[in-house]
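Dear colleague,

I am handing over the structure we spoke about, and I would be glad if you could look through it with the notes that follow beside you.

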Amino acid sequence: MQVRRNVLLCLCIVAIAWVTRLAAAPSSEPVKYHFKIDSQPLGTALQQFAGQSGVQIIFFSQVTEGLQAPAVHGSYTISDALEMLLSGSHLIFRVINPKTIEICPRTVKDSSIFSIGPVGALRTPMDAGRRASVC
């Protein structure tokens with residue numbers, strides 16, 4: 001009877017450990033953040049984006065001068081939200097590391113190959129499969 005109880009206890013412990021590990025497994029879905037950014041000057045919108053996503057955004061203030069960002073409201077991946085904020089501008093983003101993104105002007109080479117969105121070969125773990133351009 002005691003042996004049977006010990007075996008049952010061991011099975012329960014293994015089952016709990018397995019379920020806990022399964023629950024902690026990383027998701028294959030890209031992480032989405034909730035953004036509430038109104039239409040405003042692009043530099044200010046990028047600062048709000050950084051505050052709401054926890055990602056550092058670096059750029060020279062001159063590159064956003066005179067540019068207006070569209071409103072971004074809802075849950076988006078970092079790449080999708082940045083694409084929306086930068087749409088209609090001559091700017092692209094480049095992922096430096098998982099917590100730092102650079103905003104820079106699109107080059108002639110970039111615009112002749114791709115019409116919209118980030119390009120290049122640098123992958124970011126924050127958005128599986130997305131690529132960013134080299135500035």
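Among contacts in the protein chain between residues at least 6 apart in sequence, what percentage join residues at least 24 apart? The figure is 56%, and please keep in mind, here and below, that it comes from a predicted model.

As for the overall make-up, the protein chain has five helices and nine strands, and read from the N terminus on, these elements follow one another as α-β-β-α-β-α-β-β-α-β-β-α-β-β. The chain comprises 135 residues, of which 33% count as buried.

The helix pair that I would ask you to look at is α2, covering residues 42-53, and α4, covering residues 78-86, whose axes come within 11 Å of each other and cross at roughly 165 degrees. Because angles over 145 degrees count as roughly antiparallel, α2 is described as roughly antiparallel to α4. The crossing of these two helices is right-handed. On the α2 side the contact is made by Leu-42, Ala-45, Leu-46 and Phe-49, while α4 contributes Ile-78, Ala-81, Leu-82, Leu-85 and Leu-86. Sorted by class, the contact of α2 with α4 has nine nonpolar residues, with no polar and no charged ones.

A second place to look is Thr-100, which lies in strand β7, the stretch of residues 100-105. Thr-100 has a relative accessibility of 12% and therefore counts as buried, the cut-off for that class being under 20%. Leaving aside residues up to four places away in sequence, Thr-100 touches Val-55, Gln-56, Ile-58, Arg-94 and Val-95. With one of these, Ile-58, the separation in sequence is 42 residues, whereas the C-alpha to C-alpha distance in space is 7.4 Å.

Arg-94, which is among the residues that Thr-100 touches, also takes part in a salt bridge. Side chains of opposite charge can pair when their charged atoms come close. In this model Arg-94 is paired with Glu-102, and the closest N and O atoms of the two are 2.8 Å apart; the structure holds one salt bridge. Arg-94 has a relative accessible area of 25% and so is classed as partly exposed, since that class lies between the limits of 20% and 50%. Glu-102, for its part, falls within the residue range 100-105 of strand β7, the strand in which Thr-100 is also placed.

With best regards

Technical notes
Residues numbered from 1 in each chain as written. Predicted model: local features only at pLDDT ≥ 70, side-chain atom pairs only at ≥ 80, totals over all residues. Heavy atoms only, no water. Salt bridge = Lys/Arg side-chain N within 4 Å of Asp/Glu carboxyl O. Buried < 20%, exposed > 50% of the residue type's maximum accessible area, 1.4 Å probe, protein only. Helix = DSSP H or I, 4+ residues; strand = E, 2+ residues; numbered from the N terminus. Contact = heavy atoms within 4.5 Å. Axes fitted to C-alpha atoms, helices over the stretch in contact; angles between N-to-C directions. Parallel < 35°, antiparallel > 145°, perpendicular 65-115°, else oblique. Left-handed = near helix turned anticlockwise from the far one by under 90°. Nonpolar A, V, L, I, M, F, W, Y, C, P; charged D, E, K, R; others polar.
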